[in-house]
Amino acid sequence: MKRCRLTYDEWKCISSKKITGKVINTVDFSGYVGLINIFEVSEPQIWKFNGEDLVVCDNNYQWLSILPKDDYYCITALMDDTQDVKVCYIDMIAEQGYDADGVPYFYDLYLALVVYPDGTVIEDDMDELQEALEKGDISKQEFDLALNTAEKLKNGLLSDRGAFGNFIKTMYDMVRA
């Protein structure tokens, strides 16, 4: 399993950024919420969706990270320079914690959900999840955890596009407060 820090250093195109974040404990949410302000990129990153280009990383974009405590996913909302969410990428995770420098990390369980603004939800990297199980990189319990977490999200948080959008906005407002 890949260990991921919520600094997104693997995105080599990002030349200049500022990271802020905090632990939030409310009745509705407990966990870490972070915000990356991307000041400069060496080149924009573009994904395809429905045959169209979708810019997910560019100058003055922001990425919101939501890592619920005691749960098995991490949401990254990729926003443009006007704070419009371009796409949400949700990693299924095995465990999470904080490094000595206070930066949250998680162990990626390969499977992800990609949520587009029109409400479309696509499973991503199912082949990598299956391969990890076959190679013994993850256990059957971890494989099932990834699948069950994805289903729980699709049938819960992601089942109402408006409520999910409001959740993202609320988390964005909380991290900026």
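At 43% relative accessibility, E95 counts as partly exposed, a class that lies between buried (under 20% relative accessible area) and exposed (over 50%), with a 1.4 Å probe and protein chains only. This residue is found in strand β8, residues 85–98. Strands (E, at least two residues) and helices (H or I, at least four) are DSSP runs, numbered from the N terminus.

The model is predicted: local features need pLDDT of at least 70 and side-chain atom pairs count only at pLDDT 80 or more, while totals for chains, interfaces and linings use all residues. Residues are numbered from 1 along each chain as its sequence is written, and side-chain values use heavy atoms, with hydrogens and water left out.

**Surroundings of E95 and I75**

Not counting residues up to four places away in sequence, E95 touches Y105, F106 and Y107, where contact means heavy atoms within 4.5 Å. Between E95 and Y73 there are 8.9 Å in space, C-alpha to C-alpha, and 22 residues in sequence.

I75 is found in strand β7, residues 73–79. With a relative accessible area of 0%, I75 is buried. Its contacts, again leaving out residues up to four places away in sequence, include L64, S65 and I66, then C88, Y89 and I90, and further along L157, F164, F167 and I168. The C-alpha atoms of I75 and W63 are separated by 9.9 Å, with their positions 12 residues apart along the chain.

**Overall fold**

The chain has three helices and 10 strands. From the N terminus on, the order is β-β-β-β-β-β-β-β-β-β-α-α-α. For 177 residues a compact globule would have a radius of gyration near 16 Å, and the chain agrees because its value is 16 Å; the radius is taken over C-alpha atoms, and the globule rule is 2.2 Å times the number of residues to the power 0.38. Along its principal axes the C-alpha trace spans about 40 × 40 × 35 Å.

Of the 177 residues, 44% count as buried. Among contacts with a separation of 6 or more, 52% are accounted for by residues 24 or more positions apart. The accessible surface comes to about 9,100 Å², and 46% of this area belongs to carbon and sulfur atoms; areas come from the Shrake-Rupley method with a 1.4 Å probe. The chain carries 17 positive and 32 negative charges, whose mean positions are 5 Å apart. Lys and Arg count as positive and Asp and Glu as negative, without His and the chain ends.

**Hairpin and loops**

Strand β9 (residues 104–115) and strand β10 (residues 121–124) pair in the antiparallel sense over four bridges; pairing requires at least two bridges found by DSSP. L113 stands opposite E123 in β10. Five residues lie between the strands of this hairpin, where G119 takes a positive phi near 95°.

Most residues other than glycine have a negative phi. Two loop residues depart from this sign, as tabulated: N60 and Q83.

| Residue | Phi | Loop | Relative accessibility |
|---|---|---|---|
| N60 | about 65° | between β5 (52–57) and β6 (61–68) | 47%, partly exposed |
| Q83 | about 65° | between β7 and β8 | 36%, partly exposed |

Methods. The place of a charge is taken as NZ of Lys, CZ of Arg, CG of Asp or CD of Glu.
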